[in-house]
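This briefing goes with the sequence and structure shown below. Please keep both in view while reading.

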Amino acid sequence: MHFTKNITDDLIWVGANDRRLAMFEGVYSVPDGVSYNSYLLLDEKTVLFDTVDKAVSHRFFENLAFALGERKLDYLIIQHMEPDHSAVLDEVLLRYPNVKVVCNAKTKTMIDQFFDLDIDAEIVKESDTLNTGRHTLHFVMAPMVHWPEVMVTYDSTDKILFSADGFGTFGALNGAIFADEVDFNADYMNEARRYYTNIVGKYGAQVQALLNKASTLDIEMICPLHGFVWRKNLSDIISKYILWSTYQPEEQGVMIAYASVYGNTENAAEILSGMLRSKGIKTVMFDVSVTLASEIISAAFKWSHLVFASTTYNAGIFVSMEEFINDLVAHNIQNRTVAIIENGSWAATSGGLMRGKLEKCKNINILEQTVSIKSGVKSAQLNDLKAVADAIAVDFTKSETNLNPAATAAESNSKIASIDPGAMFKLSYGLFVLTAKDGEKDNGCIINTAIQITAKPLRISIAVIKANYTHDMIIKTGEFNISILSTSTPFKVFEHFGFHSGRDTDKFAGCITDNRTVNGIKYIPKYTNSVISGKVINTYDYDTHSIFVADVTESLVLSSEPSVTYQYYFDNIKPKPQPAADKKKGFVCKICGYIYEGDTLPEDFICPLCKHGAADFEPLS
Ligand code: FEO
């Protein structure tokens, strides 16, 4: 039985899904299947855009016959001659002998290579048009997206781009046809990336050329040959194509690919991953002997930093790692920072050999810090792994700036953007005691970031340093209170809640009052003008901090005193610097007043009281 879908009033999807195929093109697993899209335009003339793979030809011809009804097929536009879209060309000609094939000259050559057919095709070139009645179709050449003969077609009447392989996705359509009918970002973006990187990842420049041409067109819908039709939120997929085709990472994080025979190289990779995680850096790990290369190549295009860890095998790189790196290099990976770990019980060579292969890629920064293991990880290699983790963390900060669109824009304007931390202190913050409860344990800390986000529903957000015990309590329980401090708050309150950790002190010990909101969490009744209870609905991970978005479940006004601001705290509450006679040599934390004694402040110094970094310290004066 036919199964078609209407795209518009006169455009019908007549393609088919294949869920039995194990390996697309014999290389790429398609566990969720794949769709072969073909579209039929029912204008004064009827036009078929491409056909399908032989495996689904039966359903396709049922669909085509149903969609045509009593009408004849006038045109078959062949945008791409790869057999997953053109394998049934001969059968189309047998069933519809009067159809006119429309293609470019390269496609005609390929038709003659694949088939023994005597076709009188209408040959088109860049900017040629075909009028079919109400519609005018414009042909746009798109060589190497993904074969040299590829062209796309723009319907200027309904503003539809028939994009051939471009904007395609692995995965069967499962009854839907439009990307907005599914949760594309959650359920299909990984497959869109895996499709792009593996099928056309090598041809970024050619994809860029097509994107440039497309940017001159007014496009309201994209109809690719695989996956969903885009009629809404086109920027979701176009923005990804811009990143992928320019080999820019989508996310800051480290992809670790390892090849390990007896688990020792894996052990090193895992230790490094743990060190990076401790620094708040996201990591993903792949065993190249187990995970298919298409998955790892896709991940390499996604993440900003890559680590390759391989044992030495037959005086070379371990076989699965060598294959993977060859594949990745062939896919033209660029613009990444790379670290290398090698292992070898008597003569480790894999590191240098991996470096040699990766150096051939454009703009690959291979870190000087490397790790060479003889059999198993020993304490010397732990230090080397730490050095790699530190080097990645330093580079991470630089590349975060590079990934910042504003920085990129500034760079393109040949201006140097500067970062003055002082500007952050001009933001108008309040100051709050954030409290939480885990079982019988109460705790609280000082925060300066609490804002109302929406009124209906009433929602707030707070940002909390992960090192704080209160943070962990909120992660576990999903509930908190913020007590809004007023201008009468003495410094000892900030000292009490801000300069000690609840992990080793009970901040409410000796407290004779026990004021709690309905959620059972304590609040601060004195020196505060209000208390707000929050129930977390979303948590966002931002490296050193988490941002909690919460529904307000209760709010009480306790006094009419004005709220203390960050500026008021600095001007009126925070103790002034010591008299000159008592001055020590060192640095003072601008946040909490902690003094580090010494001539130089280590770059990676973290304030033991408020957990802010070296950037928030200033020399004692
Ligand atoms: Fe979907 Fe390049 O074929």
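The notes below treat the chain as a whole, then its salt bridges, then a set of paired strands.

The structure is a predicted model. The chain has 621 residues, of which 51% are buried, and its secondary structure comprises 17 helices and 33 strands. A search of the whole structure returns 28 salt bridges.

**Overall dimensions and surface**

- Along the principal axes, the C-alpha atoms of the chain fill a box of roughly 100 × 65 × 50 Å.
- The chain has an accessible surface of about 28,600 Å², and carbon and sulfur atoms account for 52% of that area.
- Of the contacts between residues at least 6 apart in sequence, 69% join residues at least 24 apart.
- The chain carries 57 positive and 75 negative charges, and the mean positions of the two sets are 6 Å apart.

**Salt bridges at Glu-251**

- Side chains of opposite charge can pair when their charged atoms come close.
- Lys-282 forms a salt bridge with Glu-251, with 3.5 Å between the closest N and O atoms.
- This pair links distant parts of the chain, 31 residues apart: Lys-282 is in the loop between α9 (264-278) and β18 (283-287), while Glu-251 is in strand β17 (residues 251-259).
- Lys-302 also forms a salt bridge with Glu-251, and here the closest N and O atoms are 3.9 Å apart.
- The pair of Lys-302 and Glu-251 spans 51 residues of sequence, joining helix α10 (residues 293-302) to strand β17.
- Lys-302 counts as buried because its relative accessibility is 17%, under the 20% cut-off.
- Glu-251 has a relative accessibility of 27% and therefore counts as partly exposed.
- Lys-282 is likewise partly exposed, at 31% relative accessibility.

**Salt bridge between Arg-459 and Asp-551**

- The side chains of Arg-459 and Asp-551 meet in a salt bridge, at 2.7 Å from N to O.
- Arg-459 lies in strand β27 (residues 459-465) and Asp-551 in strand β30 (residues 545-557), so the salt bridge ties together parts that are 92 residues apart in sequence.
- Arg-459 counts as partly exposed, at 27% relative accessibility.
- Asp-551 is also partly exposed, with a relative accessibility of 24%.

**Salt-bridge network**

- Asp-442, Asp-514, Arg-516 and Lys-522 are linked in a network of salt bridges.

**Pairing of β12, β13 and β14**

- Strand β12 (residues 129-131) and strand β13 (residues 136-141) run antiparallel and are joined by three bridges.
- Leu-130 has Leu-137 in β13 as its bridge partner.
- The hairpin of β12 and β13 has four residues between the strands, and in this hairpin Gly-133 takes a positive phi near 125 degrees.
- On to the next pairing, β13 and strand β14 (residues 151-155) run antiparallel and are joined by five bridges.
- The bridge partner of Leu-137 in β14 is Asp-155.
- Leu-137 thus has a bridge partner in Leu-130 and another in Asp-155 of β14.

Definitions and conventions. Residues are numbered from 1 along each chain as its sequence is written. This is a predicted model: local features need pLDDT of at least 70, side-chain atom pairs count only at pLDDT 80 or more; totals for chains, interfaces and linings use all residues. Side-chain values use heavy atoms; hydrogens and water are left out. Helices (H or I, at least four residues) and strands (E, at least two) are DSSP runs, numbered from the N terminus. Buried means under 20% relative accessible area, exposed over 50%, partly exposed in between (1.4 Å probe, protein chains only). Contact means heavy atoms within 4.5 Å. Accessible areas come from the Shrake-Rupley method with a 1.4 Å probe; for residues, only the protein chains shown count as cover. Lys and Arg count as positive and Asp and Glu as negative; His and the chain ends are not counted. The place of a charge is taken as NZ of Lys, CZ of Arg, CG of Asp or CD of Glu. A salt bridge is a side-chain nitrogen of Lys or Arg within 4 Å of a carboxyl oxygen of Asp or Glu. Two strands pair if DSSP finds at least two bridges between them.
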